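Grab a coffee and open the viewer: here are a few short exercises, each with a worked solution. Try each task yourself before reading on.

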Amino acid sequence: MKNWLKAGASLALLSMATPVLAKAHEENGQANAAEAQKAAALAEALRAADLWVESQRQYLKIPAVSVAVAQGDKTVWAKGFGTTDRAGRHAATADTIYSICSISKLFTSVALMQQWEQGKVALDAPITDYLPWAKLAADPRESVPITLRGALTHSAGLPRESDFPYWTAPDYRFPTQAEMRAKIGSQSPLYPAETTWQYSNLGLTLVGETVEAVSGTPYADYVRANILAPLGLKDTRPNLPKDLYGKQMAVGWGALKPDGTRPEIGPFDTAGITPAAGFTSSVNDLARFASWTFRLAKSGKAEVLRPSTLREMERVHYVSPDWNTSWGLGFAVRNQNGTTVVGHGGSCPGYRSALRIAPSEEMAVAVAINAMDNPDAIAGNIAALIQARGAAANYDPVEGVTLEDYAGVYDAQPWTAEFMAIPWAGGLIQIDRDSTEPADRIYRLKPLAKDRFQVVSDKGELRDTVTFERDASGKVVALVQHSNRYRRVRGL
C-alpha cells in the first residue's frame, strides 16, 4: 500500500510539474530562437563589414588591414586583408603584428593602477614625489601640482612631447630614457595643470617611469610579467620585433601621395618614449584584451586588476572646458549615440590602430593598418553596421526568392564605381564600395516576388520597384532601377 501511495504521490507531483516544465521548455526554446536570430543578424552584419573593409582597403590603397570583433569572452570575427611585406606576398591575418603606438598607454595605465592597488602611489600626489628628476622649468603662472591623475587624463598641462623631433622623417629617432630625463628640466608646462586638455606622450611616459620607480623593475620587464603574460597576449610586446618585420609584422607605409602611391617607412625604436608609444600587437590580442575587460566586470573577481579598479579607469575623470573631450584613467571615454565607448587609438610612423570597447554591450572592435589612414573610422563603421543590422526588422520569406542569387557587385559607372547587393534581414541592402559611411543611409530591398524587390528608404518609406535580370542559364546578370540597367560584375 505504501508503494502505491508513493507512486500516486509521484504521479501527482509530476502532473503538477508538467505545466511548469512545459513552460520552462517553451521559454528555453524562445530564448534559443532569439539567440539564433541574434547570431544570424551578427553574421550578416559581419559579412557586410568584411566586404566593405576590403573595398575601403582597395580604394584607399592601404597595403594591409587587420580587424577583430570581440563579443563577451569570444572573438566572433577576426580577419586580415592585403599583404604585410614590400613584395606583396605575405597575406595579412588577424595575427599580423602592427605598431599600436598610443594604445600602449592602456597597458601603461593598467601597470600604474596595479601599483595604486598596492598602495604604492597616490593619483593626486605631485608626480615629483615618485620622480624627483621630473621637475619642469619654472613657470610664473599659478597652478596646482602636476599629478599622475593629470598625466593619465592628459590634463596636467604638460608639453605634448619630450623635446626631440622623433616624429620627423626620415630618421624618427626617439630619445633614450637618459636623454628624456635630462631634457625635461628645460621644458616648461604648456598650461597650468587641470585647466586645459592637452594630449601628452610625455605625460604617459612619466606614468611608465613611475611604474619603474615604485616597482623596482624595468618598465618593459614589469609589463611583460604582470600584464602580457597573465592575459596570454603572446603577440603583444613593448618593442618592435625587427626579426618579424615584413613577415608576421607588417611593414610601414606613409600617407597617400597625389600620384596614388605611399612612401616606405622603415622600422623605428621608441626607446625612452616606450610607455606612451612603443608597443606592437595584433588585433587578435587587442580583442583578447577587450574580452578581459568584459570578463573582469562580469566575474567580480580580480584578474590583473580588481573589477572596481577597471571601473574607475573607464569612467570620466576629466572633461575639457568646452565639454568636447572626456577622459578616464588612461582610457578615452565617449558617448556615442547613447552608448559609452572606451578605448584608445594609435598613430606611429607607418601604422595606425584603433580599439573601441562598449562595456555595457560587451562588444569591441579592433582595427590595425600599416598606412597613415583612419582605422577609427573603419572601427566605427563596423560597429555601426552591427548596430544597424541588430535594429533591422526581418522581412518575411517570399516563395521563389533566394537572396544569394542576387548577392554581388554591380557596375554603377559613371555615378559611383561599384555597389554591392548584400543579404540583410530577409531582403537585400545596397552599399557603395567606396562609401565612407556604409551604415549611414542604408536603402533596403524588400522581396516582393522572384526577381522583384521594393526599395525601402532609411526612414522606412516604400519607394520604387527594382528588378533583376537573368541569363539563359538562370544566373542573375543585372539590376534594373528606374529603367536603367546595372551590370552584375561578380558574385559575393
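**Exercise 1. Find how much area the chain exposes, and what share of it carbon and sulfur atoms supply.**

Solution. Start with the surface: the chain of this predicted model exposes about 22500 Å². Carbon and sulfur atoms supply 53% of that area. Next, turn to the inside: 50% of the 492 residues count as buried. For the overall dimensions, the C-alpha trace spans about 90 × 80 × 45 Å along its principal axes. Finally, count the secondary structure, which comes to ten helices and 20 strands.

**Exercise 2. Locate the nonpolar surface patch that includes W323, and say where W323 is placed.**

Solution. First, list the members: V316, V319 and W323 make up the patch. Together they have about 320 Å² of accessible area. Then place the tryptophan: W323 is in the loop between β7 (318-319) and β8 (326-327). Last, classify W323: its relative accessible area is 71%, and exposed means over 50%, so W323 is exposed.

**Exercise 3. Describe the geometry of the aromatic pair W167 and F174.**

Solution. A ring pair is described by two values, the distance of the centres and the angle of the planes. The structure holds 18 aromatic pairs. In the one formed by W167 and F174, the centres are 5.2 Å apart and the planes meet at 85 degrees. Angles over 60 degrees count as edge-to-face, and that is the class of this pair. Now compare the cover of the two residues: W167 is partly exposed at 31% relative accessible area, whereas F174 is buried at 3%.

For a wider view of the aromatic residues, pick out the cluster formed by Y406, Y410, F419, F453, F468 and Y486. Then look for charges over rings. The charged end of R444 sits over the ring of Y395, 4.1 Å from its centre. Likewise, K183 lies over the face of F164, at 5.5 Å from the ring centre.

**Exercise 4. Work out which parts of the chain the salt bridge between R47 and E404 links.**

Solution. Side chains of opposite charge can pair when their charged atoms come close. Step one is the distance: the closest N and O atoms of R47 and E404 are 2.6 Å apart. Step two is the location: R47 lies in helix α1 (residues 2-60), while E404 is in the loop between α10 (375-391) and β13 (408-411). The two residues are 357 residues apart, and the pair links distant parts of the chain. Step three is the cover: R47 is partly exposed at 26%, and E404 is partly exposed at 43%.

**Exercise 5. Is E209, the salt-bridge partner of R181, buried or exposed?**

Solution. Begin with the bridge: the closest N and O atoms of R181 and E209 are 2.6 Å apart. R181 is in helix α4 (residues 177-183) and E209 in helix α5 (residues 201-215), so their pair ties together parts 28 residues apart in sequence. Now the accessibility: E209 is buried, with a relative accessible area of 4%, whereas R181 is partly exposed at 31%.

**Exercise 6. Find the salt bridge of D376, and then the network that includes R295.**

Solution. The partner of D376 is R334, with the closest N and O atoms 3.5 Å apart. This pair joins helix α10, which holds D376, to strand β9 (residues 332-336), which holds R334. As for the network, D73, R295 and E303 are linked by salt bridges. In total, the count comes to 27 salt bridges.

Methods:
Residues numbered from 1 in each chain as written. Predicted model: local features only at pLDDT ≥ 70, side-chain atom pairs only at ≥ 80, totals over all residues. Heavy atoms only, no water. Phe/Tyr/Trp six-rings, centres within 6.5 Å; stacked < 30°, edge-to-face > 60°. Buried < 20%, exposed > 50% of the residue type's maximum accessible area, 1.4 Å probe, protein only. Lys NZ or Arg CZ within 6 Å of the ring centre and 35° of its normal. Patch = residues over 30% accessible without salt bridge, like charges linked within 9 Å, V, L, I, M, F, W, Y side chains within 5 Å. Areas by Shrake-Rupley, 256 points an atom, 1.4 Å probe, with all protein chains shown as cover. Salt bridge = Lys/Arg side-chain N within 4 Å of Asp/Glu carboxyl O. Helix = DSSP H or I, 4+ residues; strand = E, 2+ residues; numbered from the N terminus.
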